[in-house]
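Reader: I want to go through this model quickly. Let's keep it to short questions and direct answers.

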Amino acid sequence: MTSRDRVINTLCHQIYTPVPMLLSIPTELEQKRTELCAQLRTRFPNDMEMAFFNVPDFGNGKNASNVKSATSALDEWGCVWDLDENGVWNPSPEPRYADILELEGIRFPKNPVTSEMLETVNQWCDNSSRFMVVQTRIHPFRRLCALGGVESAKSLIQRKPRELREIAMRLYEYYARQVDSWCDTNVDAIGLEDDLADESGMRMSVPRWNEIFVPMLHDFCSKIRARDKFVYFTGTGNFEEYIPGLIYAGVDAIRYDATVMDAGMLAERYGRRVTFQPILKPEMIEQETEETLSQKILALRSAFGETELIAECQMPPKAGMRKVATAMLNWRRRMPQPEEF
């Protein structure tokens, strides 16, 4: 059985297979710690790969002129992105417009998915036998926040349904063009994402989520599935109450921060209806001892069935072989099967 088969079987909840794994190592880290990263790649080969196009390319090409400084740049909307200390671009908390209703009068950008991006992804797929996911910049609520600010976006969603529907329709058309572009590639899955929750809780009510955003996602998922591809969704914070809407929309796999949602509850409520990909983020791997890291991974393994789970570890900048190996080996450990109890 190939790595790709292992992931597909897990997404389809079919037969028992070892948990598929993804060890994500930033390019900058591979350049700084070449020998260690090469050893990890050899010892823990990935079953899947993710290409991240969820951040604009500010480094070269057409977008090079958008770079305002060494740590700040503009995307196709004129929204500011900031470069953090880890070399990652993040949307600035400063909104593009003082009044989000100005959106009704602005010109939406053209499809930001270029022919060069599509060619790069297809070459990447042709050169690998692993399961391939392209992570896109299709994130309606995050875009509303970038354009008008978080509080303004919340107010628009809860208190101005007519204006919201008008803006949501234009966003739908804009994102639908991107879905169509990515569907023309050879990837196995297309990744959508959004900032649905934060440390303060959910960013919109469930009824509004179901009314405005779920139909949009449903149409996107239908397009993607019609092209025989899987749908990934990555969310921030504890967005558990939105998961029924994601399942209805047709999402196949949900990526989430392993520290913010209870695995037992997720497995009990949604097991075999969707595959979960809990992310062990760098700070978690660095802060835990080898013993507590093992305990937390085995707790995840015990909560989810073997055909409901894909493992993901993000390489910490300062962690050594022992800590990363502890995480990966516990993901690989064979768990007792029901007939063995």
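**Burial, cavities and backbone**

Reader: In this predicted model, which residues of H12 are buried?

Author: Buried means under 20% relative accessible area, exposed means over 50%, and partly exposed is in between (1.4 Å probe, protein chains only). Helices (H or I, at least four residues) and strands (E, at least two) are DSSP runs, numbered from the N terminus. The buried residues of H12 are Leu293, Ser294, Ile297, Leu298, Leu300 and Arg301.

Reader: How wide an arc do they cover around the axis?

Author: The arc is that of the directions from the helix axis to the C-beta atoms. An α-helix has 3.6 residues a turn, so residues three or four places apart point the same way. The buried residues sit on the same side of H12 because their arc is only 155°.

Reader: Which residues on the other side of H12 are exposed?

Author: Residues are numbered from 1 along each chain as its sequence is written. Local features need pLDDT of at least 70, side-chain atom pairs count only at pLDDT 80 or more, totals for chains, interfaces and linings use all residues, and side-chain values use heavy atoms, with hydrogens and water left out. On that other side, the exposed residues are Glu291 and Ser302.

Reader: How far does H12 reach from its first C-alpha to its last?

Author: H12 spans residues 290–303, which makes 14 residues. The expected span is 1.5 Å times one less than the number of residues. H12 comes close to that expected value, reaching 20 Å.

Reader: Which elements are among those covering the buried residues of H12?

Author: Contact means heavy atoms within 4.5 Å. The cover includes two strands and three helices: E12 (253–257), E13 (275–280), H10 (263–270), H11 (282–287) and H13 (321–332).

Reader: What volume has the largest cavity?

Author: On a 1 Å grid over the protein atoms alone, a cavity is a set of points where a 1.4 Å probe fits but cannot get out; a pocket is an open set with protein on both sides within 12 Å along at least five of seven lines; lining residues have an atom within 4 Å of a point. Points are joined across faces, edges and corners, and a volume is the space filled by probe spheres set on them. The search finds 3 cavities of 30 Å³ or more. The largest has about 60 Å³.

Reader: Which element gives the most to its lining?

Author: The lining includes Trp81, His139 and Arg142. Strand E5 (80–83) and helix H5 (140–148) give two or more residues. With 3 residues, the most comes from H5.

Reader: Which helix supplies the largest share of the second largest pocket's lining?

Author: That pocket holds about 190 Å³. H7 (161–183) and H8 (206–226) each supply at least two lining residues. The largest share, 5 residues, is from H8.

Reader: Is glutamine 135 buried or exposed?

Author: Glutamine 135 lies in strand E7. Its contacts include Phe52, Leu192 and Arg255. At a relative accessible area of 0%, glutamine 135 is buried.

Reader: How far apart in space are serine 128 and arginine 4, C-alpha to C-alpha?

Author: Serine 128 is in the loop between H4 (115–126) and E7 (131–135). It is partly exposed, at 23%. The pair is 124 residues apart in sequence, but the distance in space is 9.8 Å.

Reader: What is the phi of aspartate 228?

Author: Aspartate 228 lies in the loop between H8 and strand E11 (230–235). At 71% relative accessibility, it counts as exposed. It is not a glycine, yet its phi is positive, at about 65°.
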